[in-house]
Amino acid sequence: MNIKSLLRYILNFIHFDITKNLEYDRLTKLIMRRVINNNSNCIDVGCHKGEILESILKYSPEGKHYAFEPIPYLFHQLEKKYKRKALIYPYALSDKAGESSFQFVKNAPAYSGIKKRKYAIAKPDIEEIKVELRTLDEIIPGDTKIDFIKIDVEGGEYGVLKGAKKLLKSSQPIVVFECGMGASDYYGTNPKELYKFITKEVGLKVSTLKSYIKNNKPLTLNDFDYCFKTNKEYYFVAHK
């Protein structure tokens, strides 16, 4: 574990959130501990270096797990480390299969995605690469019940969700996803359409991470629209 990862672990452990992202990391892991059982089946979309996948494997050692990471060097690292514990795929997920250009931010890989977006670094070093697009509905067997999904794809989450419509309707999993201005808007995401897709077409509710943990009421359409447009919250939970 490097110094940065160790610091993140310590701050998560003592519940000290110096940034919004650290708070979301901590809350995501708290939700995972509550909802993932020993044999839960899980999906990590935008696996990156495998931090969330590591937790998935810890909480569900007997489950079947799928991880997706289109950045080549990260995919190879994940495959080498986890190939006997999870199914690792080098695809970018969307609502259709095919090929796409992909913006690999070399000096900040976590910002990489299919489309260019707003970057919180002064000089993003971007290399455009080609990636294969797939959908969750074509990869995950129809008879496999999925219990938990994490989606962190720097703005392309609506496409991932639309490409998993059958899975979402049949499994009704817990889905933790990032969504908001500065990323999702670059993909043309309309927050009200996304909310209606989740609640009307899939049959799940939408909450903030804190509200879900506290068992508060889910977000209304206007609540979600406000969060999206103001970035007051940009991590959410889709749930039963």
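Which residues of helix 2 are buried? I took this as the opening entry.

**Basis.** I worked from a predicted model, in which local features need pLDDT of at least 70 and side-chain atom pairs count only at pLDDT 80 or more, while totals for chains, interfaces and linings use all residues. Residues are numbered from 1 along each chain as its sequence is written, and side-chain values use heavy atoms, with hydrogens and water left out.

**Helix 2.** I list Leu22, Glu23, Tyr24, Asp25, Arg26, Leu27, Thr28, Lys29, Ile31 and Met32 as its buried residues (under 20% relative accessible area, 1.4 Å probe, protein chains only). Helices are DSSP runs of H or I with at least four residues, and strands are E runs of at least two, numbered from the N terminus. Helix 2 covers residues 20-35, and its end C-alpha atoms lie 22 Å apart, in agreement with the 22 Å expected for 16 residues (1.5 Å times one less than the number of residues).

**Cores.** I looked up the largest nonpolar core (buried Ala, Val, Leu, Ile, Met, Phe, Trp, Tyr and Cys joined through side-chain atoms within 4.5 Å) and found 36 residues, with Ile43, Val45, Phe68, Leu136 and Phe177 making the most contacts inside it. Helix 8 (residues 191-202) gives the most to this core, five residues. A second, separate core has 17 residues, including Ile31, Tyr59, Phe148 and Val176.

**His239.** I place His239 in strand 10 (residues 235-239). His239 counts as buried because its relative accessibility is 8%. Its side chain makes a polar contact with the side chain of Ser207 at 2.7 Å (a pair of N or O atoms within 3.5 Å, one able to donate a hydrogen and the other to accept it; residues adjacent in sequence count only if both atoms are side-chain atoms).

Definitions and conventions: Buried < 20%, exposed > 50% of the residue type's maximum accessible area, 1.4 Å probe, protein only.
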